2 protein chains.
Amino acid sequence: MDALFDRHQPTLAAALKAAEVRGYWSAYPEIPSGKIYGESARDDGLASYNARLGRHFELPGHPATTQVGAEVSPFGATLGITYPAADAGMLITASQAAGSAWAAASVKTRIGICLEILARLNRLSFEMAHAVMHTTGQAFAMAFQAGGPHAQDRGLEAVAYAFAEMTRTPPQAVWNKPQGKGDAIILEKHWRIVPRGISLVIGCQTFPTWNSYPGLFASLSTGNTVIVKPHPGAILPLAITVSVIRQVLSEEGYAADIALLAADASGAEITRDLVENDAVSIVDYTGSSSFGEWVRKHAGSAQVYTEEAGVNSIVIAATDDFAGMCANVAFSLSLYSGQMCTAPQNIYVPKGGIQTNEGHKSFDDVATGIVAAIDDLLANPVRAAGVCGAIANAATVSRVEAARSLGRIIRDSAPIAAVEARTATPLILAVDAEQTDAHEEERFGPIAFVVGVADATAGIAQAVSLARQKGAITAALYDVHDGRIEAAVDAFAAAGVNLSINLTGGIFVNQSAAFSDFHVTGANPAGNASLTDTAFVANRFRTAMWRRPKTA
Amino acid sequence: MDALFDRHQPTLAAALKAAEVRGYWSAYPEIPSGKIYGESARDDGLASYNARLGRHFELPGHPATTQVGAEVSPFGATLGITYPAADAGMLITASQAAGSAWAAASVKTRIGICLEILARLNRLSFEMAHAVMHTTGQAFAMAFQAGGPHAQDRGLEAVAYAFAEMTRTPPQAVWNKPQGKGDAIILEKHWRIVPRGISLVIGCQTFPTWNSYPGLFASLSTGNTVIVKPHPGAILPLAITVSVIRQVLSEEGYAADIALLAADASGAEITRDLVENDAVSIVDYTGSSSFGEWVRKHAGSAQVYTEEAGVNSIVIAATDDFAGMCANVAFSLSLYSGQMCTAPQNIYVPKGGIQTNEGHKSFDDVATGIVAAIDDLLANPVRAAGVCGAIANAATVSRVEAARSLGRIIRDSAPIAAVEARTATPLILAVDAEQTDAHEEERFGPIAFVVGVADATAGIAQAVSLARQKGAITAALYDVHDGRIEAAVDAFAAAGVNLSINLTGGIFVNQSAAFSDFHVTGANPAGNASLTDTAFVANRFRTAMWRRPKTA
């Protein structure tokens, strides 16, 4: 009965250990190599993806009254895939009908099924890479990693935490209370996990799997049914995911409708109907702050976990590796054209310049150093395309154009030459600290501001204040003064921002590693939850007891 | 620096072990005995209580613009105590000012201080017993236990869970990611606990300490400041509590205002102002469902933990100890005159009667059996007063009177003879299952319905349905058929109700033991949280990281 649990138990044990130690660990290899995934995996994945195009995506038995689907790749092609679609009421009814057997399944059964789903998703990583690439605009290598193994690691992390929490209370105990000279009162007590009900996962366009898997697997493993609502522009990665979940559930004798796809059309989204439905007990949301606020206000008594938007900052106070710093910042600004929730937007630099290993550098020296590093990084169009990928949403291109008037352009955005895709390299603007209308708004995409501040301390204060006000997921600091570093550590922590200090080389502020980095703190407006901590899973189920006198 | 932690570490370790094993354990003796608490403890406690009467309750340094206080004992006397009082804005400002140093205190420092506070509260248990007795109407023995050691156990339980969650992530780790043939990327990472901010604890009149301590100590130990808002009729127990907290904080070099008392006057409560204030990040609420709904809707982005109201049921299907069952039910209905949130209200009995060890018993036999057991229990007025205590709120007496027309009176309520107090023994009404207007409303106080149902299965179904709709904290079942018991276990668990089966002798459905029973499941409208599970503490703080390249 628990064969899947037994099969995957070593992975679960390693994940639990990794989450405890928080060093580097990964269950699913991030290198898209035939040596790891099988020599034919790359070709097979592409073939599988191509076979999806221009057809209806079959989800056997899935409730549907119609078909939707209008995905267009940021790299140009129309996907031409349609998906089964139903209104919120029909999805809710189907989800409820599937719920009681899943709620009654044992912890080991559910955990085993979730681990098997993740293992199968891992084997589909090449197909998933194409699906993610052509819905998000991520370059292939990033789409493979972020859409495949890294997302699977985040899913596994949630499953591991869920397992730990569901097994924290023993299934039974004997309660033996002495009564002085009288007979002791002895009760047997039994506890069981009670899931909340229906869990709604609202995905985003840019990271459809990475941002959805934690909530999806946390809810599924704790016995809730899940309704996965993809962004209309990035349905395929989550359709593949739901397809695999339904396949494994069916094989194990459970109703496929425990996992449903809530595909819908842009302009006719069913998200609000789902959120407002009283039967939805959990909502995981990734997306804009404005809709996030709506979700939080209209979800009734449902538990709501959000990752919303923020404005991430870098403060440049001093450095003993000016070239390494510029290269590192350049990569962070260019990677996926600034479309990561962890990408920096504001770079605070003292107007009087900074001390570096190359001597004093003026404000303009620092700005031009970063610009030169970007130009160098993106000089080769093929390499540029591999770093920047494409722009997921046409609105982002318009936003870049509109932003050009917000400050002094020190690097203009441009399409990447010779690439058939909607592309835009970083726009870099120099502004003064007082121009808050320019740089204190979130401007999603390849838009960054080099902000002139009185001194480093003022830059830290402004970045921290902005994080408290608008939210921030990441911050970076370059400095060599221990006292100022310590003060910055305190200030960013108090504002709930994870801080990276003096990153150079092959590690970037944008990166968040499963089992080690908690993604989003939940302590500022960038989100109310963290991927993945105990709080993210512990309230997705409740514990009910029965007790009776113990007979000898 | 962590002397308090070291002193109390054995208690903490034992609490953690108890919460894991969930057998019987208690840190604070529940017997009001001089052998345990000191030969003079009883007299000293009474003297201390008496010394409070008719005076201003001093809280040195506490913000105040005026004084409030109009407590009247349900046993007759006017307490005549006034308390420092301020508006919500002044309390919030003082709480914020005290916050940063407390947030920066180490986990061990905060946990040590909380454990010291609990130890001192334990030594004040006799004084607290009088304070609880004369604000809630509990008889002395119950006031001692529920207001003192049992509440302290619940506080310790919260501290233990908080310690476990705050230490789950290591303070630091090394993240070493291999890079094939290249140099590994090595980061040092550091995590710290970030409290949410101000925590508001809204107490109730009937269990001012027991229901407040879990949220209070969970928030305080995780680094939040606390504002304790007592019911205007039961300020003294929480004023004593806040006084002890402030004393220990001051001794340890922290601002006393980390804990504030939000005393107010009936009809001029400041609760709404506090709940609606954006600076309040956590709200713990115990009270009516109607105000609970208001709190949940108006608390903004604050985390809200509630225990609201419900309708608890007993289903009598069969018994092999008819006398024991009747005596047990009689005590559950009589204890503190039904003013416990765990007290049963509805007793479902098949219209055709039940099988018992005394042969077949008709519906009326069962009803009169329970009535006779109550009459027997309460025959001696002194014993009756010891069981029933007094009625906390005059409105409850009116509710009993109004309820007399709701069904066939099979036992009338009456004052307890020869007791100087506002008392009322249980009113028992027989009704038919269809009279839902009568028995499916919560009727707080000594009011119970014996509800005639088609059969036991119908009774279980009706109790479960009612729990889902109106909430329930407890349920009891008397039965001898394994299959029906198993079905009831499943049904009540799915409705989020803790179920007690075949209780006879000295253990009652009303009772919930710290470290073993989770009080309220959070899975039905009786409350959204559980005292105390991981979910109750894990989201009261967040975790922030800083990381940098590790130098050799």
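Which residue of chain B comes closest to the rotation axis? I shall come to that after a word on conventions.

This is a predicted model, in which local features need pLDDT of at least 70 and side-chain atom pairs count only at pLDDT 80 or more, while totals for chains, interfaces and linings use all residues. Residues are numbered from 1 along each chain as its sequence is written, chains are lettered from A and ligands numbered from 1 in the order in which they are written, and side-chain values use heavy atoms, with hydrogens and water left out.

Chain B superposes on chain A, by least squares on the C-alpha atoms of residues with pLDDT of at least 70 in both, through a rotation of 180° with 0.0 Å of shift along the axis, at an RMSD of 0.0 Å. That is the relation of a two-fold axis. The residue of chain B closest to this axis is B:Ala535, whose C-alpha lies at 3.1 Å. The copies meet through the same surface, because 100% of the interface residues of chain B are also interface residues in chain A.

I turn to helix 1 of chain A; helices here are DSSP runs of H or I, at least four residues, numbered from the N terminus. A kink of about 55° lies at A:Gln9, shortly before the proline A:Pro10; the bend is the angle between axes fitted to the seven residues ending there and the seven starting there. Buried residues (under 20% relative accessible area, 1.4 Å probe, protein chains only) include A:Leu4, A:Phe5 and A:His8. The buried residues of helix 1 pack against helix 5 (107-123) and helix 8 (149-166) of chain A, contact being heavy atoms within 4.5 Å. After the helix comes A:Arg22, with a positive phi near 65°.

Methods
Helices (H or I, at least four residues) and strands (E, at least two) are DSSP runs, numbered from the N terminus. Buried means under 20% relative accessible area, exposed over 50%, partly exposed in between (1.4 Å probe, protein chains only).
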